[in-house]
Amino acid sequence: MVNTFSNIGVFLAATLGILFLFAVLMRFLLQLARADFYNPISQGIVKVTNPLLLPLRKVVPGLLGVDMASVVLAVLVGWIMILGCGLLAGAGLFNPLSALLWSLIGCVSTVIAIVFVGMLISIVFSWIAPQSGHPALMLLRQLLEPFCAPVRRLIPPLGMIDISPIFVFILLTVADKLLLGFAQMANMPGFVYNLFWHIPGF
């Protein structure tokens, strides 16, 4: 029975943690892409993250147009999630410095997963609803543009077919595999690694 409650506690903490982490990372990515701030989905993300992000911005300045407060908040959320889930799972208190590095790895992994899944969704809807003006799809296109545009400049479309997403998928998969290698070098436990999102199938 104790293990059951422990597993439930880990599940709830990990789920709530990763959902908030997703919101923070989405805000970072949308700001990086200069996406539409007035999109209703953007506004929802802003409302969820503002209570913690606005105070943090007072002590963490931006850097070269990058919202570093969002980065710091994301790493802190992952750090708390790792330490909390470790205690709930009975693994004890992880080394805080190690947990900070693991959180950074987990945040990058989650960003890769967000972009990968976003690309899949974008491609599917480009086939079934290419002219859709749905706010979610419009925001998704804006979010993905910083990742797709550099590849598109190097690899132009073949006639009417844009093959750049194939190479973006390849780059994301390579990055995910490299990140797994870094996680192993950092002695990141599998339990901790699985708290974060990854490319489906990895």
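Reader: Quick one to start: is Gly 86 buried or exposed?

Author: Buried, with a relative accessibility of 0%. Bear in mind that this is a predicted model.

Reader: OK. Which helix does Gly 86 lie in?

Author: Helix 3. That helix covers residues 68-88, so 21 residues by the DSSP runs. From first C-alpha to last, helix 3 reaches 30 Å, close to the 30 Å expected at 1.5 Å a residue.

Reader: And what does Gly 86 touch, leaving aside its neighbours within four places in sequence?

Author: Gly 86 is in contact with Ala 91, Gly 92, Phe 94 and Phe 191.

Reader: How far apart are Gly 86 and Phe 191, in sequence and in space?

Author: They sit 105 residues apart in sequence, and their C-alphas are 8.6 Å apart in space.

Reader: Which other residues of helix 3 are buried?

Author: Besides Gly 86, the buried set has Ala 69, Ser 70, Leu 73, Ala 74, Val 75, Val 77, Gly 78, Met 81, Ile 82, Leu 83 and Cys 85.

Reader: Remind me, why do residues three or four places apart in an α-helix point the same way?

Author: There are 3.6 residues a turn, so that spacing brings them round to the same direction. In helix 3, buried residues such as Ala 74, Gly 78 and Ile 82 are among those on the list.

Reader: What follows helix 3?

Author: Gly 90 comes after helix 3, and its phi is positive, near 85°.

Reader: Switching to cysteines. How many disulfides are there?

Author: Zero in this structure. Cys 85 is in none, and the nearest cysteine sulfur to it belongs to Cys 107, 14 Å away.

Reader: Why no bond for Cys 107?

Author: Because its closest cysteine sulfur, the one in Cys 85, is 14 Å off, which is too far for a bond; a disulfide needs the two sulfurs within 2.5 Å.

Reader: Are those two cysteines buried or exposed?

Author: Cys 85 is buried at 1% relative accessibility. Cys 107 is buried as well, with a relative accessible area of 5%.

Reader: Now Ser 109. Where does it lie?

Author: In helix 4, residues 96-128. Ser 109 counts as buried, since its relative accessibility is 0%.

Reader: What does Ser 109 touch, not counting residues up to four places away in sequence?

Author: Four residues: Asp 176, Leu 179, Trp 197 and His 198.

Reader: Pockets next. What's the volume of the largest pocket?

Author: About 510 Å³. It is lined by 20 residues, and those closest to its centre are Ser 122, Ile 123, Ser 126, Asp 162 and Pro 165.

Reader: Which elements give two or more residues to that lining?

Author: Helix 4, helix 5 (135-154) and helix 6 (164-185). Helix 4 gives the most, with six residues.

Reader: How does the lining of the largest pocket split by class?

Author: It has 13 nonpolar, three polar and four charged residues.

Reader: And the second largest pocket, what volume does it have?

Author: About 270 Å³. Of its 15 lining residues, Phe 22, Met 26, Gly 118, Ile 121 and Leu 140 are the closest to the centre.

Reader: Which helices each supply at least two residues of that lining?

Author: Helix 1 (2-32), helix 4 and helix 5.

Reader: How many charged residues are in the lining of the second largest pocket?

Author: None: that lining divides into 14 nonpolar and one polar, with no charged residues.

Notes. Residues numbered from 1 in each chain as written. Predicted model: local features only at pLDDT ≥ 70, side-chain atom pairs only at ≥ 80, totals over all residues. Heavy atoms only, no water. Buried < 20%, exposed > 50% of the residue type's maximum accessible area, 1.4 Å probe, protein only. Helix = DSSP H or I, 4+ residues; strand = E, 2+ residues; numbered from the N terminus. Contact = heavy atoms within 4.5 Å. Expected span 1.5 Å × (residues − 1). 1 Å grid on protein atoms, 1.4 Å probe; cavity = no way out; pocket = protein on both sides within 12 Å on 5 of 7 lines; lining within 4 Å. Points joined across faces, edges and corners; volume = space filled by probe spheres on them. Nonpolar A, V, L, I, M, F, W, Y, C, P; charged D, E, K, R; others polar.
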